[in-house]
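Trainee: I would like a close look at one buried spot and what surrounds it. Please pick a residue, then work outward from there.

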Amino acid sequence: MPPKTPSTTAIQTERLLLRELTPDDAGFILELLNEPSFIDNIGDRGVRDLDGAIRYILDGPTQSYARNGYGLWRVELRDSGEAIGMCGLLRRETLPDPDLGYAFLPRHWSRGYALESGEAVLRHAREALALSRVLAITDPANQPSIKVLERLGLRFEGMVRMSEDAKELRLFSTAPAQAD
C-alpha cells in the first residue's frame with residue numbers, strides 16, 4: 001500500500017464532502033466497482049483486488065485531475081466521513097463535452113445523495129470551471145438515474161453509442177449544443 005496521500009476537499013454541501021480520490025480510497029473503490037448495480041449500469045472495470053483499485057484511481061481520476069482539472073470525486077458523509085459513492089466530471093473522447101458521472105453504494109440509495117452531489121458538481125462546473133455545457137449518459141433502463149438527471153435540470157438530447165459495438169445510451173445535457 002502506498003503512503004498516505006493528503007487530499008483536499010473540493011466541495012462541501014449540507015450533508016456531504018466531495019474530494020479527490022487517493023490510493024487510500026482503494027478499499028472503498030474495490031467495493032463500489034464490484035457492486036452488481038455498478039457492473040449492470042456502468043460496466044465491469046475489471047477491478048478485483050486492492051492493487052487493481054489503486055491502479056483504477058491512479059490511471060483514471062488522478063490522471064483526469066492533472067489533465068482536465070476535474071474528475072470523479074469521493075463522496076462522503078460530512079458527519080461520519082463514511083464513503084458512500086463517487087460523483088464528478090469525466091472527459092471522454094467520444095463525447096463533445098465533459099459528462100457528469102456518479103455511482104453510490106446501494107445502502108445509500110434513495111436518500112437524495114446523487115441529487116445533492118450532482119447539484120454541487122454542476123455548480124462547480126459552471127462557476128469554477130466556466131463550463132457552458134455538461135453532458136450525462138445512462139442506460140435507457142436505469143430509470144432512477146434518468147430521474148436524477150431530469151431533477152438536475154438536464155434534458156434528453158437523443159441516443160448515443162460510446163463505440164460501434166456498444167449498446168445505445170440516453171444522452172442528456174445542461175444546455176443545447178451550439179450550432180456550427
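Mentor: Take Asp99, which touches Gly88, Leu89, Leu90, Arg92, Val134, Leu135, Ala136 and Ile137, leaving aside residues up to four places away in sequence. Keep in mind that this is a predicted model. Asp99 sits in strand β5. Its relative accessible area is 0%, so Asp99 counts as buried; the cut-off for that label is under 20%. One of its neighbours also meets it through a polar contact: the side chain of Asp99 pairs with the side chain of Arg92 at 3.0 Å.

How far can the model be trusted? The average pLDDT of the chain is 92, and 92% of the residues score at least 70. Residues 1–6 are another matter, with pLDDT below 50. That stretch still has twelve contacts in the model beyond near neighbours in sequence. Read those contacts with the low score beside them.

Now widen the view from β5. The strand spans residues 99–104 and is among the elements that give two or more residues to the largest nonpolar core. That core has 47 residues. Inside it, Ile29, Met86 and Leu100 have the most contacts. The other elements giving two or more residues are β2 (16–20), α1 (26–33), α3 (50–68), β3 (72–77), β4 (83–90), α4 and α5 (143–151). Helix α4 gives the most, with seven residues. Another core lies apart from this one. This second core has seven residues, including Leu135, Val160, Leu169 and Leu171. Leu135 has come up already: it is one of the residues that Asp99 touches. As background, nonpolar side chains tend to be buried together in soluble globular proteins.

Met86 deserves a stop. It lies in strand β4. At 3% relative accessibility, Met86 is buried. Its C-alpha is 5.5 Å from that of Ala103, although 17 residues separate the two along the chain.

Ile29 takes us to helix α1. Six of the eight residues of α1 are buried, so the helix is largely enclosed by the rest of the structure. The buried six are Ala26, Phe28, Ile29, Leu30, Leu32 and Leu33. What covers them? The cover includes α2 (36–41), α3, β4 and β5. The strands of Met86 and Asp99 are thus both in that cover.

Next, α4. The helix runs over residues 113–127 and has 15 residues. From first C-alpha to last it reaches 21 Å, close to the 21 Å expected at 1.5 Å a residue. Its buried residues are Tyr113, Ala114, Leu115, Glu116, Ser117, Gly118, Ala120, Val121, Leu122 and Ala125. Glu116 and Ser117 are on that list too. In general, an α-helix has 3.6 residues a turn, so residues three or four places apart point the same way.

The loops on either side of α4 each hold a backbone point to check. Ser110 lies in the loop between β5 and α4. Its phi is near 60°, a positive value in a residue other than glycine. Ser110 is exposed, at 82% relative accessibility. Ala130 lies in the loop between α4 and β6 (135–138). Ala130 also has a positive phi, about 55°, although it is not a glycine. With a relative accessible area of 64%, Ala130 is exposed.

Further along the chain there is one aromatic pair in the structure. Phe156 and Phe172 form it, edge-to-face. The ring centres are 5.8 Å apart, with 65° between the planes. Phe156 is in strand β7 (residues 155–160) and Phe172 in strand β8 (residues 169–173), so the pair links parts of the chain 16 residues apart. Are the two rings buried or exposed? Phe172 is buried, at 0% relative accessible area, whereas Phe156 is partly exposed, at 39%. Between β7 and β8 runs a loop that holds Ala166. Ala166 is partly exposed, at 23% relative accessibility. Its C-alpha is 25 Å from that of Leu105, 61 residues away along the chain.

Back to the starting point. Asp99 is buried, holds a side-chain polar contact to Arg92, and touches Leu135, a residue of the second core.

How values were computed
Residues are numbered from 1 along each chain as its sequence is written. This is a predicted model: local features need pLDDT of at least 70, side-chain atom pairs count only at pLDDT 80 or more; totals for chains, interfaces and linings use all residues. Side-chain values use heavy atoms; hydrogens and water are left out. Helices (H or I, at least four residues) and strands (E, at least two) are DSSP runs, numbered from the N terminus. The expected span of a helix is 1.5 Å times one less than its number of residues. Buried means under 20% relative accessible area, exposed over 50%, partly exposed in between (1.4 Å probe, protein chains only). A nonpolar core is a set of buried Ala, Val, Leu, Ile, Met, Phe, Trp, Tyr and Cys residues joined through side-chain atoms within 4.5 Å. A polar contact is a pair of N or O atoms within 3.5 Å; within protein, one must be able to donate a hydrogen and the other to accept it, and residues adjacent in sequence count only if both atoms are side-chain atoms. Contact means heavy atoms within 4.5 Å. pLDDT is the predictor's confidence in each residue, from 0 to 100. Rings of Phe, Tyr and Trp (its six-membered ring) pair if their centres lie within 6.5 Å; planes under 30 degrees apart count as stacked, over 60 as edge-to-face and the rest as tilted.
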